[in-house]
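Q: Please take a close look at a single part of this structure. Set it against the rest of the assembly, and keep the account connected.

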Amino acid sequence: MSRLIFFFWLLPAGLAAKVTDLYPHEDSTSIHNHFKEARDGDTLRFNEGVYYIHSLVVTKPLVILGRGNCILDGSGKYEILTISARAGTVQGLTLRNSGYSSMNDFAALKVIDAANLLITDNSILDSYFAIHLSNASRCTIRNNTIEGKAISEQLNGNAIHAWKSHHLIIENNTVSRHRDGIYLEFVTHSRITGNHSHLQMRYGLHFMFSNDDVYTRNIFEENGAGVAVMYSKRVTMKENLFRNNWGPSAYGLLLKDISDSEITQNRFEENTRAIHMEGTSRIQLRQNLFKDNGWGVAIQASCNENSFSNNNFINNSFDVSTNGQVILNVFEHNYWDEYEGYDLNKDGTGDIPYHPLSLFGLLIEQNPSMLILVKSFMMQLFERMEKAIPSLTPEHFVDLQPLMKPFTP
Amino acid sequence: MLRLPRYIIYDILRNKIILAYTLLLFLISTGLFQLEENNDKALLGLLSVVLIVVPLVSLIFTTIHYYNSYEFMELLLSQPQSRWSILLSEYSGVAVSLLVAYGTGVGLPLLIYSPGPTGFYLLLAGLLLSLIFCSLAFLIAVLSRDKAKGIGIALLLWFYFALIYDGVLLLLLFSLSDYPLEKLTFLFSALNPIDLGRIFVMLKMDIGALMGYTGAVYKNFLGKETGILFTCLVNLVWVIVPLLLAKKIFNKKDM
Amino acid sequence: MIRIEHISKEYRRIQALDDINLFFSRGQAVSLIGPNGSGKTTLIKCILGLVLPDHGRIFVHTQPIETSPAYRNQIGYMPQIGRYPDQMKVGQLFKLLKDLRHSDPAKLDYELYEEFNLSNLFESRMHTLSGGTRQKVSAALAFLFNPEILILDEPTAGLDPLSSELLKKKIIVEKEKNKLVLITSHILSDLEDLCTHVVYLQEGKLIFYKDLPTLQQETREQKLSRAIAHFMKKNNPIAPLN
């Protein structure tokens, strides 16, 4: 923010920025002309009312403002605003009804080859893609409310879509009812903070090939499949809340082929699977809370050198599961609510190791029909025997020093 | 007609075993709710206890009661009463007593600590199990003249429903794991009232929803009105069929 | 009054009753006598409908007994062992049976009930009573409804001599009222003053059914026990007398 303001202060002297007011009674051509005539650094101000405009292309640094309740309507056919400039601001607008195309990624607000944009306090409703960035850098997308139509995965675009961009800041937006809430592909060095992504058809947040990014304090809930981080490196995930991602193939967080990342202090509550890991390596999972999930962490055999410490596992049907026999990941100092050991030397960690793998979890993974035996007397007996003397589950899947009480920082 | 059951209930409700059973259930229920701050977990624990204890006590208590009332039933049968009315009176006497014991021992704590739909379904499941295993016990008792043998069979039957059946089911599911069995498992569950009660309550606890596709299939079927209807109907069959069989045998039985 | 036609019953390959034919009428007091396992109790239970015979039929007042349980309104039964629900009070037991029989309160016979002083035990629970007291309760119940037929299975067993005498007196009184009394007992001397007829069963077979004078005449014995002993010696020298 401060960086942008600073930038505008540096605009060439003598070209004092001009403010042009726009009104709903003006026709489309006249609006297009205003934009054509505007000079770098000018402000164009939409006044209250509905504007039916399409394919408005901005190629110079402008401040575009909305005053009162002003609505830019794409009539369900067109893109509304495209910005391709080295700076600029879009603020206080409502964009709605942008068009759908099966060939192009039609968006309400498209950013192409741009930098230093501030997109803030807008509402974007009923659009295919809402904000679509490609080849953008140092842009900030903040405080926007985006709500899609939630028709189907094919007919819905992403709410905030970024491709081949870097140094983005995406914060405090509320996005819902799109395909993906926030989609990042080849996006690096970006920060995603404080967003609320819910009710997406697919993922609340979707990473593809995006390295060195940070996302913190977001809330992801009731999405079709949760959050997916794929084919990425050095991603920091911190203090997010993953909640209520329920369904046959739903996850809180899906990790696929990612490495050297950090997952810290997140909360996973009431997900079918809190975390599903596939082909991940060197990930630190620390101080997370797994509560009321079907599965806490599902670790596929393709994962290695991940470490779990100081996590709290509370009231999950199954805390962890795996499909492999060789264990290349480390668990230590986690709290498991099912742990029944003792702590004679009072150092806060239990004196006997804990085997968090559940035999029943293993069975049900292989044969879902086994669900019919959940919590049956027989299963509980087997489970106890297995926990005491692991025979069918991998013996080395173990927390040697389980915590006696939930971890508190 | 209703007088005889009333006397029998009066008699059983003063029985020390029934009082101990009520107290046991009450202590377990309140204990679980007191010790476990997580309400769902307490319910889950209570469910496990109910599924084991209720069938066992219902079976054994009913069987013993039948044998102990044998001479009294003889006297009643020498009165101008039909055999069916005596059997039904005895059945309703024992059944109502078991229901009262369970309703007090588990129902009251549920009402205090967890008065939601899950608690209600747990209560319902236990009540139905009481009735079912009371029926089965009557069937066992009329089949076997010998008390020791009858109690032995009752214990075996409990063992079968509580443990062996699930073991066989486990093996079966293992060997048939290549086939889609979701629908078939409803049938399997219907063949064991303990399993049926367990799944019924589990689904209310939303565990089912956490279990992915299969859980969704179960929830879609058993969680909806049709499922509740299905469960109740199957339970009713489990109550009525053994009782009718017992009636048929009792009518031809030499006392 | 009671007609028994070709009754047979087999228990686990033992012939408990073998083609029994009998007719009992009013004013008779019939002793059923025989060794253990001779079929006395089975016969009684057949009449009461507690045991269903394999063959043959039983009529009470010309009505076949399998048609309706209503015929048992005319029968008072005192079982060999009286066991009652533990927690039931004596008063409740009487009330229960009165409820079950829909009897006319005016016709109830409280004589034994009063002679046995059962009203003192009105509030006592059954499990607190001694075996003898429970027998008194059973006896009082059998006579309570003033039935036309009394079936008493070992009525004096376990009773003290005084109560036993009271019961025997009562049986005689009822017999005089032109009722039918069927008694089984091991104590033949008890039966002596009571019975008018004797049925002797052995291994399920009816050995004889005679009135007392005929029996005495045939055996030239006045005492019933000796008459029976005489008959048994003649019939089967090894069979022990109970």
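A: In chain A of this predicted model, 47% of the contacts between residues at least 6 apart in sequence join residues at least 24 apart. Chain A holds four helices and 39 strands, and 47% of its 409 residues are buried. Measured out along the principal axes, its C-alpha trace spans about 80 × 40 × 30 Å.

For chain C, the corresponding share of contacts that join residues at least 24 apart is 71%, again among contacts between residues at least 6 apart in sequence. Chain C has eight helices and 10 strands. Of its 242 residues, 43% are buried. Its C-alpha atoms fill a box of roughly 55 × 40 × 35 Å, taken along the principal axes. The radius of gyration of chain C is 18 Å, which agrees with the value near 18 Å for a compact globule of 242 residues.

The part to look at closely is strand β8 of chain C, which covers residues 180-184. Is this strand mostly covered or mostly open? β8(C) is mostly covered, with five of its five residues buried. The burial applies to both faces of β8(C). On one side are Leu180(C), Leu182(C) and Thr184(C), and on the other are Val181(C) and Ile183(C).

Two strands that pair with β8(C) can be described in turn. Strand β3 of chain C, residues 29-33, is joined to β8(C) by four bridges, and the two run parallel. Within this pairing, Val30(C) has Leu182(C) as its bridge partner; Leu182(C) is one of the buried residues named above. Strand β7 of chain C, residues 149-153, is joined to β8(C) by five bridges, also in parallel. Here the bridge partner of Ile149(C) is Leu180(C), which lies on the face of β8(C) that also carries Leu182(C) and Thr184(C). Between β7(C) and β8(C) the chain passes through helix α5 of chain C, residues 161-176, and this β-α-β crossover is right-handed.

For a contrast with the buried strand, take Ala70(C), which sits in the loop between β5 (63-64) and β6 (75-78) of chain C. Why does Ala70(C) count as partly exposed? It has 13 C-beta neighbours inside 10 Å, whereas a residue counts as buried at 20 or more and as exposed at 12 or fewer. Ala70(C) and Arg101(C) are 31 residues apart in sequence, and their C-alpha atoms are 9.4 Å apart in space.

Last comes the place of chain C among the other chains. Two pairs of chains are in contact, and chains A and B share the most contacts. No contact joins chain A to chain C; their closest C-alpha atoms lie 36 Å apart. Chain C does touch chain B, in a contact that takes 25 residues from chain C and 20 residues from chain B. On the side of chain B that touches chain C, the elements giving two or more residues are α1 (3-13) and α4 (70-77) of chain B. Of these, α4(B) gives the most, with five residues. By class, that side of chain B has seven nonpolar, six polar and seven charged residues.

Definitions and conventions: Residues numbered from 1 in each chain as written. Chains lettered and ligands numbered in written order. Predicted model: local features only at pLDDT ≥ 70, side-chain atom pairs only at ≥ 80, totals over all residues. Contact = placed C-beta atoms within 7 Å. Pairing = 2+ DSSP bridges. Right-handed = clockwise from strand over helix to strand, strands pointing away. Rg over C-alpha atoms; globule rule 2.2 N^0.38 Å. Nonpolar A, V, L, I, M, F, W, Y, C, P; charged D, E, K, R; others polar.
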